[in-house]
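Biologist: I would like to learn how to read a sheet, a chain contact and a domain contact. Can we take them one at a time?

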Amino acid sequence: MYQYDDYDRALVRERVAQFRDQVQRRLADELSEEEFLPLRLQNGLYLQKHAYMLRVAIPYGTLSAKQMRALAHIAREYDRGYGHFTTRQNIQFNWVELERVPDILDWLAEHDMHAIQTSGNCVRNITTEAFAGVAADEYLDPRPLAEILRQWSTVNPEFLFLPRKFKIALCAAEQDRAAIQVHDIGLQLYRDEAGELRLRVLVGGGLGRTPIIAQTLREGLHWQDCLSYVEAILRVYNRHGRRDNKYKARIKILVKALGIEAFAREVEAEWQHIKDGPAELTDAEYQRVAAAFAPPPYAALADTDLDFGTALAGDAAFARWVSRNVQPHKVPGYASVVLSTKPGASLPPGDVTSAQMDAVAGLAERYGFGEIRVAHEQNLVLPDVRKADLHALWQQAVSVGLGSANIGLLTDVIACPGGDYCALANAKSIPIAQAIQQRFDDLDYLHDLGELSLNISGCMNACGHHHIGNIGILGVDKNGSEWYQLTLGGSQGQQAALGKVIGPSFAAEQVPEVIESIVHTYVDHREEGEGFLDTFQRIGLEPFKARVYSREEVA
Amino acid sequence: MNNLIRLIEGQARIVSDDPWQLHAADQGERLILPLAAWRERQPGEVLEGRAVSADGLLLQVDDEPEALQPFLSSLPLIAIDFPSFRDGRGYSQAYLLRTRLGWRGELRAVGDVLRDQLAHMRQCGFDAFAVRADKSVEDAIKGLEGLSVLYGRSVIEPRPLFRRGRHKEESRS
C-alpha cells in the first residue's frame, strides 16, 4: 500500500487546520452559507435531509486494517455506529455534526486519510477495480498511476471550480471492473508489443440525467504523458464546459456538442503546448510510487489445497459461497474474497457497522496482509487469502453477517442512500432494496438465476448506477409521491450498455412483484446456460413488457 | 478604495491609493474596460502597439485570452473577472496569459474575490486581488498563504512536486 511521506502528511494536516478555521468562521457567521458551501463540499461535507454527511475518500478503494479500524471509530464516536460504502469506493457517515467535523478530519489525517474533493465541482476520488494488483486477468497494476493521479488532482489550483464534478477511473485488466466507460475520463492501461505501459483514453461517459457511454479520445498514449494529457482535457473543459445549466455542465455534454473529433482536436492543440514539459511523468516518480505497491511476501504454495478441496466437497453452503464470492488470484494457492455487505433486508446495501468494520480489519490481518478493498458494487474485498484459509474465513464472515453467498446475484443490490437520507432524492432506495431482497430470499433460486445485477438510484443523479444494472430502478417524483421507473438490459464492463425503459413507472409496493415478473420472463425464455443479459439481448424488451404490464392489469 | 491586495516582490500589501476604476461606463480616467469598450477608446497608436494605453483591460469569462495577444504590449493592466467565485474559468485564463502569452504586467482578480480562493488565484499567476467590496481586506489577506504543499504544478511553480527533489529524500525535515 502507498505510505504517506511528510509531504502527504503536511498537506492533509494543513488542510484540516484550514477547514477548522473555515468552520469557525461559518459558525461565527463571517462566512455566509453560500460562501461556505463549496468549501465544505470540497472537504466531503454535505448537508442532507436530517444531518450533515461526511464522505471520506478511500483512494482507488484501498485501505489498511488500521485505517478500517479508524473508520469504525468514527462510526462509533461521531455517528450512529455504521457507515455506508458507496459506488465510488468511498465511505459516508450520515449523522455527523458540523462542529465535530474538524476533529473527525484530524483523526483521519492521523491515519493517513482525508475527505478532500469527495464532493464539489472538482476532480473526485480516483477509482479503479477492487482486485487491482491481484486479479488473474490483469495486464499490470493500475494503482501506481491511480495514486499519481490522486496526488496531481488534489488541490490543483486551476481545476477546483470546474463546471461540474469530474470523475476519473482506471482499468488495467481484460475485464473492466471499474466502469471506466461511464466516467468523465476512463483510462484503460495496457502494455504494447514492446512491453511499454500505454493508455487508451476514454472521455465523456457518465450516468446521471443524460447517460452516455464514453468515447475513445486517444489510443496509445505513453504513460509519461498521462498527467499532461489529463491536464489538457481539464483545461479545455474548464474553459469551454457549460456553466449556465448544472444539468448540462458535465464534460459529456461538451463532448457531445462539439463531437468527439472536434473535442479531440481542442485537446490535442492544448496538449501540444504542454507535452514534453515539466508535467511529463518521470520514471523516478513512477518507480517511487510503484514501490509502495510491490507484491506482499506471498508464500510459495501449490495451486490446489487438499483441505480446501475437502471442505468444498463436504460443505455445500461453503461451496456455494466459493462459487460466488471467491475470485481467482494471480499467485498460486491464493484467492480474493468478496465479503457481501448485502445480507438481505436486515441492513441497507453498503451499510457496515463499526463492529463489522473491526471484524473485517481482524480478518484482513489474520488471513491476508492487512489490506482491504472497497468494490464499486459496495462490497468489501480481502485481496490475498490462502485457499487453505477460505473455509475458516467463510465461517467467521458468516458469524459477523458478511458471509452472504450472493455476489453478482439479484440480491447483491447496488443502491444509493436515497430518500431516507439524501436531500436530492425523489424517492427512497433502501426500502425498495429490502423488499426485493425479502421477496428473493431463497438462495437456491438465486443461484439458479445466476448473474443478475440490480441497481437502484433514488433520483436521476444515478448514484446507484441504475442505467448499467441488468435491472435498473430509478426513483421518480410524480406530483409529490414516489414512483419507480424500470430499465432492463444495462450492463457494465467492456460491453457497457445503458438499460432501456420498460414503460410507465410503478408504485413502491408493486416493485417486488414486477421484478418477479421480469425474472419469470427470463426463466421461461432462457436457453440452457444462458444468463439474464444474454436472454434479454436475444429476445428484447417486448416479452418482459408484455408480462409485466399484463400482470399489472390483472392485479 | 478598491479593497486591493497586491503582491510586491512576493510580499502581500494592502493598497490604499489604487487609481483604477472598474467601470462599465466610458467616462473618467484609468478605467478597466471590457475588450470591445477598450478598443473603442484607444487611439490608433495604442492599437498598433506604439504606445501604452491609459486604460486597463477587463477579461470576462467568455473571452478568449488569446484575443488579447495583439495588445499585450500596450496594456498597463489586465483584470480577470470572477462573476461568481464558483466560476473557475478565470484560473485557466490566468494560466494562459502568464504561461502561454507571456503577460508580465499586473494581473488582477476582480469581482467575487474572496479570502478562501486567494491562494489558488496567486498560484495561477494573479498578483493583485480586488477583494469584494463588502469584505474586509485585512481578513482576506490571510487567505493568500494557502497550503505549503502543492503536489501538481501551477503558474508560479511549473514543476510538479516530483520534479522538486521529492524522490531523492524520503522525508523533508
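Modeller: Start with the sheet, and keep in mind that this is a predicted model. Strands of a sheet pair through backbone hydrogen bonds, either parallel or antiparallel. Here four strands of chain A make an open sheet with mixed pairing, in the order β6-β7-β8-β9.

Biologist: Which are the edge strands?

Modeller: They are β6 (168–171) and β9 (215–222) of chain A, and each of them pairs on one side only. From one strand to the next, the twist averages 20°.

Biologist: In what sense do strand β7 and strand β8 of chain A pair, and over how many bridges?

Modeller: Strand β7 (residues 185–191) and strand β8 (residues 197–203) of chain A are antiparallel, with seven bridges between them. For one position to find on the screen, look at Y190(A), which stands opposite R198(A) in β8(A).

Biologist: Which strands does helix α6 of chain A lie across?

Modeller: Helix α6 (residues 226–240) of chain A lies across β7, β8 and β9 of chain A. Its direction is at about 10° to β8(A).

Biologist: Now the chain contact. How many residues does it take from each chain?

Modeller: The size of an interface is often given as the accessible area lost when the parts come together. Here we count residues instead: 33 from chain A and 31 from chain B.

Biologist: Which elements of chain A supply the side that touches chain B?

Modeller: At least two residues each come from α1 (6–27), α2 (33–41), α5 (143–153), α6 and α9 (283–291) of chain A. The most come from α1(A), which gives eight residues. By kind, the residues on this side of chain A are 14 nonpolar, eight polar and 11 charged.

Biologist: And the domains: how is chain A divided?

Modeller: Chain A has domain 1 (6–110), domain 2 (143–291), domain 3 (306–399) and domain 4 (414–554). Take domain 1 and domain 3 of chain A, whose C-alpha centres lie 28 Å apart. In their contact, 21 residues of domain 1 meet 20 residues of domain 3.

Biologist: Which elements give two or more residues to the side of domain 1 that touches domain 3 in chain A?

Modeller: They are β3 (62–64), α3 (65–78) and β4 (82–85) of chain A. Of the elements there, α3(A) gives the most, with seven residues.

Biologist: How do the residues of that side of domain 1 of chain A divide into nonpolar, polar and charged?

Modeller: The side of domain 1 of chain A that touches domain 3 has nine nonpolar, nine polar and three charged residues.

Terms used:
Residues numbered from 1 in each chain as written. Chains lettered and ligands numbered in written order. Predicted model: local features only at pLDDT ≥ 70, side-chain atom pairs only at ≥ 80, totals over all residues. Pairing = 2+ DSSP bridges. Axes fitted to C-alpha atoms, helices over the stretch in contact; angles between N-to-C directions. Contact = placed C-beta atoms within 7 Å. Nonpolar A, V, L, I, M, F, W, Y, C, P; charged D, E, K, R; others polar. Domains from an automatic or database assignment.
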